[in-house]
Structure formats: C-alpha cells, structure tokens
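Okay, thanks for making time, everyone. I'd like to walk you through one chain today, so let me put it up on the screen.

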Amino acid sequence: METSKSLDLIRGCFEPADAREIVLTLLSDKMKFHNLRNLSSQERFGTPDSSAIGKLEHLKAAKREAELFFSEAIAGGNRITINSTISMQIE
C-alpha cells in the first residue's frame with residue numbers, strides 16, 4: 001500500500017481574472033467546509049469548533065491577500081502562474 005501521494009491540483013499560466021476565480025473558489029470552498037464544521041459543532045455540542053474558527057480567520061486573511069495580489073496583476077496587465085500540489089501521507 002502506498003503511504004504517500006502527491007497530486008497536481010493546479011499547474012499553468014492564467015489570465016489574472018481566471019487565476020482569481022480559481023484561487024478564490026478554492027478558498028471559498030474551504031471556508032464553507034469550516035463554516036459547516038463550526039455550525040455542526042454548535043448544533044451537536046452547543047459549543048463552537050475553535051479549530052474551524054481559527055482556520056476561517058486564516059482563510060479570510062489569505063483571501064484578502066489574494067484579492068490584493070490579483071488586483072495588482074490585473075492593473076499591470078500581467079499573467080499569473082499557479083503551481084499547487086497536494087501532498088498526502090497516511091499516518
């Protein structure tokens with residue numbers, strides 16, 4: 001059995017608007033996941049999921065940084081290269 005695996009999630013050069021959509025969609029999906037996890041914890045246990053809340057704050061900050069980055073690339077008429085690999089290990 002393989003105990004680790006790497007997958008290319010995103011690889012290429014994109015127009016800024018396309019790169020923005022790709023990255024912000026990924027961030028949004030992760031934010032939805034953690035929002036649902038927090039809501040589930042509140043409904044099941046009556047307490048928020050502190051881990052999910054911390055991750056949401058981190059993702060919100062990442063989204064703000066990404067928005068600024070994409071705005072600058074769009075204003076400059078630049079293309080954006082994205083390389084994103086997912087590394088997984090069985091523990």
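Before I point at anything, a word on what I call a helix: it's a DSSP run of H or I with at least four residues, numbered from the N terminus. With that in hand, Asn-35 sits in helix 1, and we'll come back to that residue. Also keep in mind that what you're looking at is a predicted model.

So, the overall layout. The chain has two helices and two strands, and reading from the N terminus the order is β-α-α-β. Now, is this a compact globule or something more spread out? The radius of gyration comes out at 17 Å, well over the 12 Å that the globule rule gives for 91 residues, so the chain is more spread out than a compact globule. You can see that in the C-alpha trace as well, which spans about 50 × 40 × 15 Å along its principal axes. As for burial, 21% of the 91 residues count as buried.

Next, the two helices. What angle do the axes of helix 1 and helix 2 make where they cross? Roughly 170°, and the axes come within 10 Å. Anything over 145 degrees counts as roughly antiparallel, so that's what we call helix 1 and helix 2 relative to each other. If you sort the residues in that helix 1 to helix 2 contact by class, you get 15 nonpolar, three polar and seven charged.

Okay, pockets. The largest pocket has a volume of about 170 Å³. Which elements supply at least two residues each to its lining? Those would be helix 1, covering 16-45, helix 2, covering 50-76, and strand 2, covering 80-89. Helix 1 gives the most, with four residues. If you want to click through the lining yourselves, look for Ile-10, Val-23, Leu-26, Leu-27, Lys-30, Ala-62, Ala-66, Ile-82 and Ser-84. By class, that lining splits into seven nonpolar residues, one polar and one charged.

Let me finish with a few individual positions, and I'll go along the chain. Glu-15 is in the loop between strand 1, which is 4-14, and helix 1. Its relative accessible area is 40%, so Glu-15 is partly exposed. From Glu-15 to Lys-55 you go 40 residues along the chain, and their C-alpha atoms are separated by 29 Å.

Then we step into helix 1, where we find Glu-21. Is Glu-21 buried or exposed? Exposed, because its relative accessibility is 54% and the cut-off for exposed is over 50%. In sequence, Glu-21 and Gly-76 are 55 residues apart, while in space they're 18 Å apart, C-alpha to C-alpha.

And here's Asn-35 again, as promised, in helix 1. Asn-35 has 43% relative accessibility, so it counts as partly exposed. How far is Asn-35 from Ala-73, C-alpha to C-alpha? That's 30 Å, with their positions 38 residues apart in sequence.

Last one: Arg-64, over in helix 2. At 57% relative accessibility, Arg-64 counts as exposed. Its C-alpha is 21 Å from that of Ser-50, and those two are 14 residues apart along the chain.

That's my tour, so go ahead and spin the model around while we talk.

Conventions
Residues numbered from 1 in each chain as written. Predicted model: local features only at pLDDT ≥ 70, side-chain atom pairs only at ≥ 80, totals over all residues. Heavy atoms only, no water. 1 Å grid on protein atoms, 1.4 Å probe; cavity = no way out; pocket = protein on both sides within 12 Å on 5 of 7 lines; lining within 4 Å. Points joined across faces, edges and corners; volume = space filled by probe spheres on them. Nonpolar A, V, L, I, M, F, W, Y, C, P; charged D, E, K, R; others polar. Buried < 20%, exposed > 50% of the residue type's maximum accessible area, 1.4 Å probe, protein only. Axes fitted to C-alpha atoms, helices over the stretch in contact; angles between N-to-C directions. Parallel < 35°, antiparallel > 145°, perpendicular 65-115°, else oblique. Rg over C-alpha atoms; globule rule 2.2 N^0.38 Å.
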